[in-house]
Protein chains: 2
Amino acid sequence: MPESSVKKPSRIQLRNRRVILDAALEVFSKHGYRGATLDQIAAEAGLSKPNILYYFDGKEDIHVTLLSQLMDTWLDPLVALDPNGDPRREILDYIDRKLKMAVELPRESRLFANEILQGAPRISPELHSHLKPLFDEKCAVIAGWVDAGKLPPLDPQHLLFSIWATTQHYADFEAQARVLLGAEADPQPRALAHLRAMFGALLAQPG
Amino acid sequence: MPESSVKKPSRIQLRNRRVILDAALEVFSKHGYRGATLDQIAAEAGLSKPNILYYFDGKEDIHVTLLSQLMDTWLDPLVALDPNGDPRREILDYIDRKLKMAVELPRESRLFANEILQGAPRISPELHSHLKPLFDEKCAVIAGWVDAGKLPPLDPQHLLFSIWATTQHYADFEAQARVLLGAEADPQPRALAHLRAMFGALLAQPG
DNA sequence: TCGTGGATTTACCAAATGGTAAAAAAACAA
DNA sequence: TTGTTTTTTTACCATTTGGTAAATCCACGA
């Protein structure tokens, strides 16, 4: 059994753990936690089921590992929001990064959405330890901008909610968008233009 | 066996089908389709599992029935968008209704979100037959307002996406919002104020 | 090349789960 | 009340699924 804290993982361990996590991301994001089976993940990874359980303690272990690793990536765009930058530009750039990430990493977006939809039973600790502090920090930054008169009065918390909701919507509800937009090749450019217009209007200084 | 097309359903049938669908909504919205079990639904409904299968052909039948019945309710706010009303007021009122519905019917919102997240495997027909025509119709209405100069240039399709995303976010990602907003009693008033400000800014006539 | 520990497979298992058959019970019309 | 139909329960079943034990294979350092 691979000892996590004693020996450093071999090349095979490193490769297979990565392969398994990638397969699991594919399957979990498509079917949700309960809907995914170890057999599916094994097939996707090109490994046998017991072999997968050789690298992870169980289905839940895989899921939690995925979510934890993903959390950091997922928060990167918000981390990059610079308190010293120009407020409007910072927020609009953040929207760009967030939409780009949702479009490029739809599996990750759906994995998170699934988990939150179910009440975040397995990621709740990470939410408190990682997301919450960052959220509070950046809300304070935005509130500071508002107080300094650099932004019109607005609610930082709900502003961030709106940004998350609108950007991730394109990944999470892709099935709906496909039906409604028809065979449109790539909705991203129009989506981005719309979001920039919308949030740009909100952030515009009155007068 | 209850014959759907021949005899009219008895009082018992009517009551039990309603009880079962309500229990199923509770369970499906909480655990997703695969995560929900007939035993859970039976327990929630206070009936035995075989008794439930006496009223429905199977798990999928219950799910599809739920989704179909829900679709109408879910589209009501958009149906009420009046082509002859004042454009800005119509859209802002629509946002009010949509947010109210998401907050009051979070189980329904999550049921839909779950289904769409999984790629809409069971509701795809309804999407094409009900949602798509209504979507196209109302997009045309909004586009007409834009063409008539009653609204600033905007993308009707992505406007509706944004409204859906932001309003349903409060139901679908409630677990996240609970963590981030702390023990705040009712986020709805601030959410509504934010959404009115945001979409109000977008819809404001330039100049 | 040989031995050892890490990696993989084979053959399972127990529990959960969707579903069924048929008997029993309840409701109801005559 | 009686006969019939509807509703409910009891007792199952086959499959799926997460997981395990043990044997086997294989990479690699000495």
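Author: Let's start with a term: a residue counts as near a molecule or strand if one of its heavy atoms lies within 4 Å of it. This is a predicted model, in which local features need pLDDT of at least 70, side-chain atom pairs count only at pLDDT 80 or more, and totals for chains, interfaces and linings use all residues, while side-chain values use heavy atoms and leave out hydrogens and water. Residues are numbered from 1 along each chain as its sequence is written, and chains are lettered from A and ligands numbered from 1 in the order in which they are written.

Reader: Glad to have that settled. Which residues come nearest to DNA strand C?

Author: Of the 18 residues around the strand, the nearest are Ser10(A), Gln13(A), Tyr54(A), Tyr55(A) and Leu38(B). Of the strand C atoms within 4 Å of the protein, 57% belong to sugar or phosphate, and the rest belong to bases.

Reader: What makes the pair between Tyr55(A) and a phosphate oxygen of DNA strand C a polar contact?

Author: A polar contact is a pair of N or O atoms within 3.5 Å; within protein, one must be able to donate a hydrogen and the other to accept it, and residues adjacent in sequence count only if both atoms are side-chain atoms. An N or O atom in the side chain of Tyr55(A) is 2.7 Å from that phosphate oxygen, so the pair qualifies. Asn16(A) also qualifies, with a polar side-chain atom 3.0 Å from a phosphate oxygen of strand C. From the other chain, a polar backbone atom of Lys59(B) is 2.9 Å from a phosphate oxygen of strand C.

Reader: And which contacts reach the phosphate oxygens of DNA strand D?

Author: Among them, a polar backbone atom of Lys59(A) lies at 2.8 Å, a polar side-chain atom of Asn16(B) at 3.1 Å, and one of Asn51(B) at 3.2 Å. There are 19 residues around strand D, with Leu38(A), Lys59(A), Ser10(B), Gln13(B) and Tyr55(B) the closest. For strand D, 59% of the atoms within 4 Å of the protein are sugar or phosphate.

Reader: How do you know how many residues near strand D count as charged?

Author: Asp, Glu, Lys and Arg are charged; Ala, Val, Leu, Ile, Met, Phe, Trp, Tyr, Cys and Pro are nonpolar; the others, Gly among them, are polar. By that sorting, the surface near strand D has 8 nonpolar, 7 polar and 4 charged residues. Near strand C there are 7 nonpolar, 7 polar and 4 charged.

Reader: What makes a stretch such as H3(A) a helix, and what does H3(A) give to the surface near strand C?

Author: Helices are DSSP runs of H or I with at least four residues, strands are runs of E with at least two, and both are numbered from the N terminus. H3(A) gives the most to that surface, with 4 residues. Chain A comes to 10 helices and 0 strands.

Reader: How are H4(B) and H7(B) oriented to each other, and why?

Author: Axes are lines fitted to C-alpha atoms, for helices over the stretch in contact, and angles run from 0 to 180 degrees between N-to-C directions. Angles under 35 degrees count as roughly parallel, over 145 as roughly antiparallel, 65 to 115 as roughly perpendicular and the rest as oblique. These axes come within 11 Å and cross at roughly 0 degrees, so the two helices are roughly parallel. Their contact has 7 nonpolar, 2 polar and 3 charged residues.

Reader: What does buried area stand for between chains A and B?

Author: Buried area is the accessible area (1.4 Å probe) that two parts lose on being put together, summed over both. Here that comes to about 4500 Å², with 66% of it on carbon and sulfur atoms.
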